[in-house]
Amino acid sequence: MSALLEIQGATKAFRGLVAVSDVSLSVERGEVCSVIGPNGAGKTTLFNLISGVLRPTSGRIVFDGKDMGRVPSHRFAAHGIGRTFQNLALFKHATVVENLLVGCHTSLRSGVFAGAVFFGRARREEIAAREQVEEIVEFLEIEELREKVVGTLSYGQQKRVELGRALACRPKLLLLDEMVSGMNQEETEDIARFILDIRDDYGISVLMIEHNMRIVMDISDRVHVLHFGQKIAEGAPAEIGRDDTVAAAYLGPATAKHPRRLADANR
Amino acid sequence: MRSGHYKESVPSLIVLSDSTAVWVWGGILVLAMAMAPYFLNAYLLSFLVLILITGTGALGLHVLTGCTGLISLGHVGFLLLGAYAYAVPVAKFGAPPLIGFLSAGVVPALVSIVVGVPSLRLKGLYLAITTLAFAFIISHVVLSMSWLTNGARGLPVMRPELLGIDFESDARFAHLCLVVAVATLFAVLNIQRSRVGRAFVAVRDNDIAARTMGINLQAYKLRAFMTSAFISGIAGALFGIYLSFVSVEGFPFLMSIEALAILIVGGLGSTAGVVLGTVLIVLLPEVARIALGMLGPQAEMLFSTAAHELRTVLYGLVIILFLRFEPRGLVGVWRDVKRLWVNWPLRH
């Protein structure tokens, strides 16, 4: 069986600026992968390409055996790509439950009229969606936040809601953009635990952008390194930690002669 | 006082309101409005009818501006279209009123696609100006198509007979408006707790995230326009029947402002706010007239000679006052009062 996600020579140029240059990478089924790289390396642009927010200038993105080039942006979720955003993109005037229910959008069918009457199939559908949301609420341990308006929650809680909203899409691949940035040790460990459970219990593959090297080294199966839009390394976390080019990209060429373990960089 | 929400099944989580008090008081209010025509005089009854019709129209704008965040000044265009879409087949070609009401909803909904398409790319002020232009284009088109619309002379419309019930009397017509208003309120509340309504809010709050969740932005903005225009069109038809005469003069641009004022005064995005805002805005000119009357006959004279101008000033004034002092609207005040009632004498 082919890889779940296969990016073949993807390039994205904004006029003169080449944000992502000829990047190829793949995510296997049941894998937790990380994308790391210094600021401005093109990680988020790569995510935008995978989730259909942006279109590649050249190259192909094949997801689950299907070329996504001609799939409209709003159909990416239905194909099984869920994501969170780097700087929170929640519906902040809605409650936690409502946010999660928006995540269920593609698995529901009712239109304006069915919704207005709210009877029969439309009602059954809402009940089923709510059941699914309750399951996610329980999984993420946010029971007490259910009816809170999202804008009133703390940053860490909002991140958790965003993870839940992405899960409600029932994705095959979950894209997490800097999930644990700005979180304390305890919150970070919670998220790490959730990511592993998502993979093991739900069978969802995870691709995450992360600056926190502890979590990258601890839970990813494979790590891809971007630098100035190009992929400079790929491998198991331990190999990446010893890689000279990676150390040079992060710490500058001079220090590469005295390589430190990259995993120590955050400590 | 309740100490928490204890639910035992999932269906009980998605009900419109889990509070018996809300249902009981709501029922009493509707019953009171149904009985009101037999107790109120014609003058007071006209206020009730106006509140019901205006409320229905405001709910139409609420779907577009409150829920989906698309600011529209073209509301009056949809009201006018609805009124003519009712009057032309019924008064001119003798179609049954039920067909008239259907066309009063469908015609504006179809035309709204034309004005909705620019909205796919425009936001905020630019959209407001586009819809403003739309309102004026509609009234020009209506005036120029005099072979169909009688142009500036307008069309007289009778009170309808629907499903064998004659709505000729004032009391019966008030009942018709009550049924339509309550049905619209429930339809809007249901839309808000279903897939489409959540998609509207998602488009309003964060369009990129909405698209990533699988929401087709174009389709849902158009859907918001069509739903809004459908409801507004029905309200327009009722207003035309209320005036018993459909003409361009009967639908001044001020109605667009009035509808926006209702949403702002009530609290943008809240359905309960639409109800509260409608009551305040419809009664405001009357309250102002009585207040001016206390200042002496000359002040009252001013009101009878410059009623339209005074209403314009009043709407502008309440919009500014609410935006400055209570941006959450009457719904915000209501929540504060409720919290105070529950927690007193504690501060929070």
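# Exercises on a predicted two-chain model

A:Phe228 is partly exposed, with 15 other C-beta atoms within 10 Å. The exercises below concern a predicted model, whose scores are ipTM 0.88 and pTM 0.89.

**Exercise 1.** Determine where A:Phe228 and A:Arg15 lie, what sign their phi angles take, and whether A:Arg15 is buried or exposed.

*Solution.* Begin with A:Phe228, which sits in the loop that joins β9 (222-227) to β10 (230-235) of chain A. Its phi is near 45 degrees, a positive value in a residue other than glycine. Turn next to A:Arg15, which belongs to the loop between β1 (5-14) and β2 (17-27) of chain A, and whose phi, near 50 degrees, is likewise positive in a residue that is not glycine. Most residues other than glycine have a negative phi. For the last step, the cut-off for an exposed residue is 12 or fewer C-beta neighbours; because A:Arg15 has 5 of them inside 10 Å, it counts as exposed.

**Exercise 2.** State which part of chain B carries the lowest confidence and which the highest.

*Solution.* For chain B as a whole, the mean pLDDT is 87, with 98% of the residues at 70 or more. Within this chain, the lowest confidence falls in helix α13 (residues 297-305), at a mean of 74, and the highest in helix α10 (residues 217-243), at 93.

**Exercise 3.** Describe the largest nonpolar core, and name the element that gives the largest share of it.

*Solution.* The largest nonpolar core has 165 residues, and those with the most contacts inside it are A:Val206, B:Ala83 and B:Leu238. Its largest share, 14 residues, is supplied by α10(B). In chain A, the core takes at least three residues from each of domain 1 (1-80 + 172-187 + 202-267) and domain 2 (89-169). To follow A:Val206 further, set aside its neighbours within four places in sequence; its contacts then include A:Val32, A:Cys33, A:Leu174 and A:Leu176, and also A:Ile195, A:Ile198 and A:Arg199.

**Exercise 4.** Check the span of helix α11 (residues 254-266) of chain B, and decide whether this helix is largely enclosed.

*Solution.* At 1.5 Å a residue, the 13 residues of the helix should span 18 Å, and the end C-alpha atoms are 18 Å apart, so the two values agree. Eleven of the 13 residues of α11(B) are buried, and the helix is therefore largely enclosed by the rest of the structure. Among these buried residues are B:Met255, B:Glu258, B:Leu260, B:Ile264 and B:Gly266. The cover over them includes α2 (42-67), α3 (75-92), α5 (124-144), α12 (271-294), α14 (307-325) and α15 (329-343) of chain B. Just after the helix, B:Gly267 adopts a positive phi of about 120 degrees.

**Exercise 5.** Work out how many residues of chain A are in contact with chain B, and how the two domains of chain A meet.

*Solution.* Chain A is divided into domain 1 (1-80 + 172-187 + 202-267) and domain 2 (89-169), with 28 Å between their centres, taken over C-alpha atoms. Each domain gives seven residues to the contact, and on the side of domain 1 that touches domain 2 there are five nonpolar, one polar and one charged residues.

For the contact between chains, 35 residues of chain A meet 28 residues of chain B. The elements of chain A that give two or more residues to this side are α2 (76-79), α3 (96-103), α4 (112-117) and α5 (121-139), of which α5(A) gives the most, with six residues. By class, the side of chain A that touches chain B has 18 nonpolar, ten polar and seven charged residues.

Notes: Residues numbered from 1 in each chain as written. Chains lettered and ligands numbered in written order. Predicted model: local features only at pLDDT ≥ 70, side-chain atom pairs only at ≥ 80, totals over all residues. pLDDT = per-residue confidence, 0-100. Helix = DSSP H or I, 4+ residues; strand = E, 2+ residues; numbered from the N terminus. Buried ≥ 20, exposed ≤ 12 C-beta atoms within 10 Å, placed from the backbone. Core = buried A, V, L, I, M, F, W, Y, C linked by C-beta atoms within 7 Å. Domains from an automatic or database assignment. Expected span 1.5 Å × (residues − 1). Nonpolar A, V, L, I, M, F, W, Y, C, P; charged D, E, K, R; others polar.
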